[in-house]
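Student: Could you take a close look at one part of this model with me? I would like to see what is packed away inside.

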Amino acid sequence: MSPVTAESYAARLAETLPAVRERIERAAGAAGRSPDGVRLVAVTKAHPLEAVRAALDAGLTDLGENRVGELEGKRAEIGADTATWHMIGQIQSRKADRAVAASDLIHSIDRDKLARKVAQAAIAAGRHARVLLQVNTSGEDAKGGFEGDGVVERLHEVAARDGLEVVGLMTMAPFVDDERVLSDAFRRLRELSERLHEVGAPVGSELSMGMTNDLEIAVREGSTIVRIGTALFGERVR
Ligand SMILES: *Cc1c(COP(=O)(O)O)cnc(C)c1O
């Protein structure tokens, strides 16, 4: 592999970022939506600081990480206010306070216990935690997230918890190529959001869905935040 430098990431992004933006624009256009309604989170997980620096230079200011330690490290190096920091990966409950301290938006509130711990940590810090509630829309065991019977009621309860500001929902589609299966998963998230609004749950309208392989389908189904790693930075080492 060629050595990873800020220059090589910059050169890569010079090609990949316009391509990703075009994918978003086309998908939004085809769905009669404005591309401005889709926020691009650049997923820098498993890439070095050089990738983060190149992303910032290229104008990407929403950065996503899936490990609390890596998020803390990069945020400390780059500066808390230089980017908007997104925590997108599974969080151990005992790291809830660290996740709250290091994130501007946590996408992966995937269970009651974590919601409680994150809320407690935010209250202790004298603030609200901005979060998305993660839903398992595919039924795959390996995928985290709220699911099953009574999911609307449970999400409503979590959203009403003091210390949390629930700005929307998040999902990960199954790892398949079948467009129908992917659309179904994303549509389920959008419908869940609509049902929560119907019953007056304090849930914002963000829908974090869509990754490198399925962003067009997610945008067509109403995604407002796509989380893109591979298409921007290339394959990860881990
Ligand atoms: C790694 C990751 C992504 C980015 O995936 P790519 O396929 O590389 O675009 C998005 N969301 C989550 C939760 C991830 O863990």
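Tutor: Happily! A nonpolar core is a set of buried Ala, Val, Leu, Ile, Met, Phe, Trp, Tyr and Cys residues joined through side-chain atoms within 4.5 Å, where buried means under 20% relative accessible area and exposed over 50%, with partly exposed in between (1.4 Å probe, protein chains only). This is a predicted model, in which local features need pLDDT of at least 70 and side-chain atom pairs count only at pLDDT 80 or more, while totals for chains, interfaces and linings use all residues. Residues are numbered from 1 along each chain as its sequence is written, and side-chain values use heavy atoms, without hydrogens and water.

The largest nonpolar core holds 68 residues, and Ile106, Val118, Val131, Leu164 and Leu232 have the most contacts inside it. Helix 1 (residues 6–30) gives the most to this core, seven residues; helices (H or I, at least four residues) and strands (E, at least two) are DSSP runs, numbered from the N terminus.

Now pick out Ile106. Setting aside neighbours within four places in sequence, Ile106 is in contact (heavy atoms within 4.5 Å) with Met87, Ile91, Ala99, Val100, Val118, Arg130, Val131 and Leu132. Apart from the largest core lies another, of six residues, including Val41, Leu132, Val167 and Met170.

Helix 6 (residues 151–159) also has a buried set: Val151, Val152, Leu155, Val158 and Ala159. Seen down the helix axis, these fall within an arc of 130°, so they line one face of helix 6; the arc is that of the directions from the axis to the C-beta atoms. Those buried residues pack against helix 5 (112–124), strand 5 (129–134), strand 6 (164–170) and helix 7 (179–198). On the other side of helix 6, Glu153 and Glu157 are exposed.
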